[in-house]
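User: I've got this one open on my screen and would like to talk it through. Can you take my questions as they come?

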Amino acid sequence: MSVLIFRLNGVPDDEAADVRNLLDEHGFAYHETTGGFLGFGVAGLWLLDDSRKAEARAVIDDYQRERSARLTAEHEAQRRAGLAESTLQRIARHPVQSLFYIAGAAGVLYLMLWPFLTLGR
């Protein structure tokens with residue numbers, strides 16, 4: 001019976017390709033599913049031989065630890081060199097999108113506080 005070994009929802013394409021290559025290199029038989037037309041399904045990699053789940057999980061966990069350390073070091077190097085994008089630079093690059101996010105957050109905050117603000121009336 002197949003078992004879900006790696007979810008692909010929200011995973012960058014390069015990481016998904018790396019995990020597929022890892023599974024291929026280590027001889028794990030797997031198949032891939034998508035999220036479906038509306039994205040409600042489970043997009044993931046499914047290991048066909050569930051008896052090798054611990055072994056496959058260990059390979060993926062090692063890869064993710066290495067990737068995390070590498071990306072953290074790259075970001076830190078960019079930050080030290082002054083090349084890392086700040087929050088204000090990101091807002092300036094996408095002002096309309098940022099405005100919608102801020103308005104949405106303000107709307108949610110208002111709806112959460114509205115019952116308490118009108119409590120004494």
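User: Which residues are linked with Arg67 in a network of salt bridges?

Analyst: This is a predicted model, so everything here is computed from its atoms. In the network, Arg67 is joined by two acidic residues. One of its pairings is a salt bridge to Asp14, with the closest N and O atoms 3.3 Å apart. The residues linked with Arg67 are Asp14 and Glu15.

User: How far apart in the chain are Arg67 and Asp14, and which helices hold them?

Analyst: This pair links distant parts of the chain. Asp14 sits in helix α1 and Arg67 in helix α2, and the separation is 53 residues.

User: Is Arg67 buried or exposed?

Analyst: The cut-off for buried is under 20% relative accessible area. Its partner Asp14, at 43%, counts as partly exposed. Arg67 has a relative accessible area of 8%, so it is buried.

User: What separates Glu66 and Arg70 along helix α2?

Analyst: Their side chains meet in a salt bridge, at 3.3 Å from N to O. Glu66 is partly exposed at 41%, and Arg70 is partly exposed too, at 32%. The two are 4 residues apart in helix α2, so what separates them is about one helical turn.

User: Which residue forms a salt bridge with Arg90?

Analyst: Arg90 is partly exposed, with a relative accessible area of 41%. The partner also counts as partly exposed, at 30% relative accessibility. The closest N and O atoms of the pair are 3.4 Å apart, and the partner is Glu85.

User: How many salt bridges does the structure hold?

Analyst: Arg67 with Asp14 is one of them, and Glu66 with Arg70 is another. For the whole structure, the count is 12.

User: On to the sheet. Why is one side of β1 and of β2 left without a neighbour?

Analyst: The sheet is open and has 3 strands, in the order β1-β3-β2, with antiparallel pairing. That puts β1 (3-7) and β2 (30-33) at the edges, so each has a single partner strand. From one strand to the next, the twist averages 30°. The reason for the free sides is the edge position of β1 and β2.

User: Which residue stands opposite Tyr30?

Analyst: Look at where β2 meets β3 (residues 44-47): the two run antiparallel and are joined by 4 bridges. Opposite Tyr30, in β3, stands Leu47.

User: Which strands does helix α1 touch, and what angle does its direction make with β2?

Analyst: Helix α1 covers residues 13-25 and packs on the sheet. It touches β1, β2 and β3, and its direction makes an angle with that of β2 of about 160°.

User: And helix α2, at what angle does it run to β1?

Analyst: Helix α2 spans residues 53-81 and lies across β1 and β3. Relative to β1, helix α2 runs at about 5°.

User: Which elements give two or more residues to the largest nonpolar core?

Analyst: That core has 17 residues, and those with the most contacts inside it are Ile5, Phe6, Val19, Leu23 and Leu45. Take Leu23: beyond its neighbours within four places in sequence, it is in contact with Phe28, Tyr30, Leu45, Ala56 and Ile60. The elements giving two or more residues are β1, α1, β3 and α2.

User: Which element has the lowest mean pLDDT?

Analyst: The chain averages a pLDDT of 94, and 100% of the residues score at least 70. Among the elements, α1 has the highest mean, 97. The lowest, at 92, belongs to residues 87-93, helix α3.

Terms used
Residues numbered from 1 in each chain as written. Predicted model: local features only at pLDDT ≥ 70, side-chain atom pairs only at ≥ 80, totals over all residues. Heavy atoms only, no water. Pairing = 2+ DSSP bridges. Axes fitted to C-alpha atoms, helices over the stretch in contact; angles between N-to-C directions. Contact = heavy atoms within 4.5 Å. Core = buried A, V, L, I, M, F, W, Y, C linked by side-chain atoms within 4.5 Å. Buried < 20%, exposed > 50% of the residue type's maximum accessible area, 1.4 Å probe, protein only. Salt bridge = Lys/Arg side-chain N within 4 Å of Asp/Glu carboxyl O. pLDDT = per-residue confidence, 0-100.
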